[in-house]
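Trainee: Got a minute to go through this model with me? I'd like to start with the ligand and then check the backbone.

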Amino acid sequence: MRRETLAAIAAADLDGLESLRVALLGKSGAVTGLLKALGGMAPEERKSRGAEVNSLKTIIADALAERRAALEAAALAARLKADTIDISQPVRPEQQGAIHPISRTMEEIAAIFGAAGFAIKEGPDIEDDWTNFGALNIPAHHPARAMMDTFYLNATHGNRPAVLRTHTSPVQIRTMLDWARRRESEPDIAPIRIIVPGRTFRADHDATHSPMFHQTEGLVIGRDITLGHLKGCLIDFLRAFFDIPNLPVRFRASYFPFTEPSMEVDIGWSKKTGEIGKGGDWLEILGSGMVHASVLANCGIDPREFQGFAFGMGIERITMLKHGIADLRLFYESDMRWLRHYGFSPFAPAMLHEGI
Ligand code: PHE
């Protein structure tokens, strides 16, 4: 038995070794069986037989351990050899990423408004219909709420219907509710001055509309904020963003349910050449207005004490204008050639000190 067993151990691989160990030394192994049989023997016989069996057990256990150590050492040596790094190999060229133009525009907007003391706020993509519509004076029968414009979710948010937010304006509501609540215990809380970059969703799809797009909202609330602040703020912003110091900016009376008065903001450009800043034509860029008194009231803010302005702009549109990008859909195709051409270096972040 000893001879056969030692030969088997010498020939076994790691798995085989474990099977052998179980077959010999395991609970119902052969050597264990021999040891158990000692119990039924006469004392004299047990003594000599016991010494024999125990020495056999030691020999086998040692042989198993030795073989295991040898196999493991060989395996390690093989792995070390296979994993060798050839340090004489030249470095493989690495792909450098780029900042997507949409992200770049949002960073530029943040840099410009950040310099004017605005904080960045974000809100969820999935909203309840009160925060997205109702609180903003958009009543149940308003066409903006129609299925053709809005993605309704087969779910509720709280106990209100859930929608994919159709604009960033619900973050106005969230911010004002929060602010009014905090003001109860912090009466000297700083006034609101935020921008809200983010994704928005509408059931629309063609060369100039995508079902998912981006907006940046702005909201300023204080005791004596006027239309003059709105105009100055947006004129400064547009001139900085397009990097044209005398960019013509026009405020045109318009209508939004949640602002009163409301204004659409146009910049000067040439319809013929597409050049911005000259040419005598006007191009609509963003929506704005003084926050409607009942929107303030919906958020627990007394409109006789506070007022302010809001604006909202589409990020894709101003990005296309600024960089001469013709088709909106290219933004989302993840075509590396396009991104390499239109993307921005991550090492040159948007900063104001030399123009944006
Ligand atoms: N939420 C409006 C839109 O999506 C834009 C807007 C925001 C207008 C804030 C006025 C004030 O078109």
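Mentor: We'll take the ligand site and then a few backbone details, bearing in mind that this is a predicted model.

Trainee: Which residues are closest to the ligand?

Mentor: The ligand is surrounded by 14 residues, and the closest are H167, S169, R202, Q215 and E217.

Trainee: What does the side chain of S169 have within reach of the ligand?

Mentor: One of its polar atoms lies 2.9 Å from a ligand nitrogen. For R202, a polar side-chain atom is 3.0 Å from a ligand oxygen. Q215 has a side-chain N or O atom 3.0 Å from an oxygen atom of the ligand.

Trainee: And how much of the ligand's accessible area does the protein cover?

Mentor: 88% of the 320 Å² that the ligand has on its own. The ligand takes up the space of the largest pocket.

Trainee: Which elements give two or more residues to the shell?

Mentor: Those are β6, β9 and β10. The largest share comes from β10, with three residues. By type, the shell has four nonpolar, eight polar and two charged residues.

Trainee: Backbone now. Where is the cis peptide bond?

Mentor: From E260 to P261, with omega near -5 degrees. P261 is in strand β8, residues 259-269.

Trainee: What's the phi of N137?

Mentor: Near 65 degrees, which is positive in a residue other than glycine. N137 is in the loop between α6 and β3.

Trainee: Why does N137 count as partly exposed?

Mentor: Because its relative accessibility is 23%, and partly exposed runs between the 20% and 50% cut-offs.

Trainee: And D243?

Mentor: Phi of D243 is near 60 degrees, also a positive value in a non-glycine residue. D243 sits in the loop between α8 and β7, and is partly exposed at 46%.

Note on methods. Residues numbered from 1 in each chain as written. Predicted model: local features only at pLDDT ≥ 70, side-chain atom pairs only at ≥ 80, totals over all residues. Heavy atoms only, no water. Helix = DSSP H or I, 4+ residues; strand = E, 2+ residues; numbered from the N terminus. Buried < 20%, exposed > 50% of the residue type's maximum accessible area, 1.4 Å probe, protein only. Near = heavy atom within 4 Å. Polar contact = N/O pair within 3.5 Å; in protein donor to acceptor, adjacent residues only side chain to side chain. Areas by Shrake-Rupley, 256 points an atom, 1.4 Å probe, with all protein chains shown as cover. 1 Å grid on protein atoms, 1.4 Å probe; cavity = no way out; pocket = protein on both sides within 12 Å on 5 of 7 lines; lining within 4 Å. Sits in = over half its atoms within 2 Å of the grid points. Nonpolar A, V, L, I, M, F, W, Y, C, P; charged D, E, K, R; others polar.
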